[in-house]
Amino acid sequence: MDLKTFAQALPKAELHLHLEGSFEPELMFAIAKRNKVEIPYASAEDVRAAYRFSNLQDFLDIYYAGASVLLAEQDFYDLTYAYLKRIAADNVRHVEVFFDPQTHTERGVAFSTVMIGITKALSDGQKDFGISSKLILSFLRHLSEEDAFKTFEQAEPYLDWFVGVGLDSSEKGHPPSKFARVFAAAREAGLKLVAHAGEEGPPAYVWEALDILKVDRIDHGNRSLEDPKLVERLVKDGMTLTVCPLSNLKLCVVNDLKQHPLKKMLDLGLKPTINSDDPAFFGGYVGENFAAVTEALNLSKAELITLAKNSFSGSFLSEAEKQSWL
Ligand code: ADE
Ligand code: ZN
């Protein structure tokens, strides 16, 4: 068996996936038609042709525009179910997925509509594909902390429906410290905490995520490697980094996958995992991310096994559940 086939077949967890980022153009068109919403493209191919980004913000503008066709519970169900169906083929056995409620509530969609549609599909995904799941509510960092608090209040009746909160959207100029109080409230409520940091932002943002937000995982974390003291800290804490190679390539965080820091992270004793981030926009689901870095970085069988194990040990499954995969 070649190494790419081996990577594809490994049981794995995905810990960094934005549901809105798994919105394939074909489904976008079908839902737009159903909801009688206009989209400024003639075909799915046209949409794909527009997916050329030179930075995170370029992508986010298109990502939020695409999500604007999602209106009804069925739309959120279809989006989530399609993702689960696709990743069953990559032998993904557990997922911890982000959703961005503010992207939808800002447009007048009820919080409950989003929540119910997604969780019904997650439950059917467990039944139909044997994929277990947890949900992470992500705050949009380009909006205010007050707005995040409002969203957290809306989420309060559903605290048992999600495992934690996250922080995403435009990183530069929006440091983790901006959300110190809302993360403290989430921690008080017993939730897990994660934050995007060090994708485009400096190592200082990773330090803030650790020391001010007190996160349980770092999403991306690439730029941590610029600060040896930070690397030392992340190693000491056994902190999981949810790394997204094809995303990094498409958003020009790296210019070439051969220069991707994933292998260096492994060599330094860090705990990276491989994830797809926004697979419909970045040209690949988790299996394709594994295949791409296996080739570009010449990863060994032992490194692939470590990466798959990291995905379970860094998850929010119970210790007993983790052990069953390790
Ligand atoms: N939202 C969706 N994908 C994202 C990414 N890669 N970084 C920040 N926010 C996001
Ligand atoms: Zn992300």
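## Briefing: the ligand 1 site and the fold around it

Let's start at the binding site: ligand 1 is surrounded by H18, G21, L56, Y63, D168, S169, H196, E199, S247, D277 and D278. Sorted by class, that shell holds 5 polar, 4 charged and 2 nonpolar residues. Please keep in mind that this is a predicted model.

**Overall fold**

- The protein chain is built from 17 helices and 8 strands.
- Its radius of gyration is 18 Å, which agrees with the value near 20 Å for a compact globule, because the chain has 326 residues.
- Along the principal axes, the C-alpha atoms of the protein chain fill a box of roughly 50 × 45 × 40 Å.
- Of the contacts in the protein chain with a separation of 6 or more, 76% are between residues 24 or more positions apart.

**Core**

- Buried residues account for 48% of the 326 residues in the protein chain.
- The largest nonpolar core counts 87 residues, and I118 and A209 have the most contacts inside it.
- Helix 10 (residues 203-213) supplies the largest share of this core, with 6 residues.
- Beyond its neighbours within four places in sequence, A209 is in contact with P176, A195, A197, V215 and I218.
- As a general background, nonpolar side chains tend to be buried together in soluble globular proteins.

**Helix 15**

- In helix 15 (residues 286-296), the buried residues are V286, G287, N289, F290, A292, V293 and T294.
- Just after helix 15 comes N298, with a positive phi of about 55°.

How values were computed. Residues numbered from 1 in each chain as written. Chains lettered and ligands numbered in written order. Predicted model: local features only at pLDDT ≥ 70, side-chain atom pairs only at ≥ 80, totals over all residues. Core = buried A, V, L, I, M, F, W, Y, C linked by C-beta atoms within 7 Å. Buried ≥ 20, exposed ≤ 12 C-beta atoms within 10 Å, placed from the backbone. Helix = DSSP H or I, 4+ residues; strand = E, 2+ residues; numbered from the N terminus. Contact = placed C-beta atoms within 7 Å. Near = placed C-beta within 6 Å. Nonpolar A, V, L, I, M, F, W, Y, C, P; charged D, E, K, R; others polar. Rg over C-alpha atoms; globule rule 2.2 N^0.38 Å.
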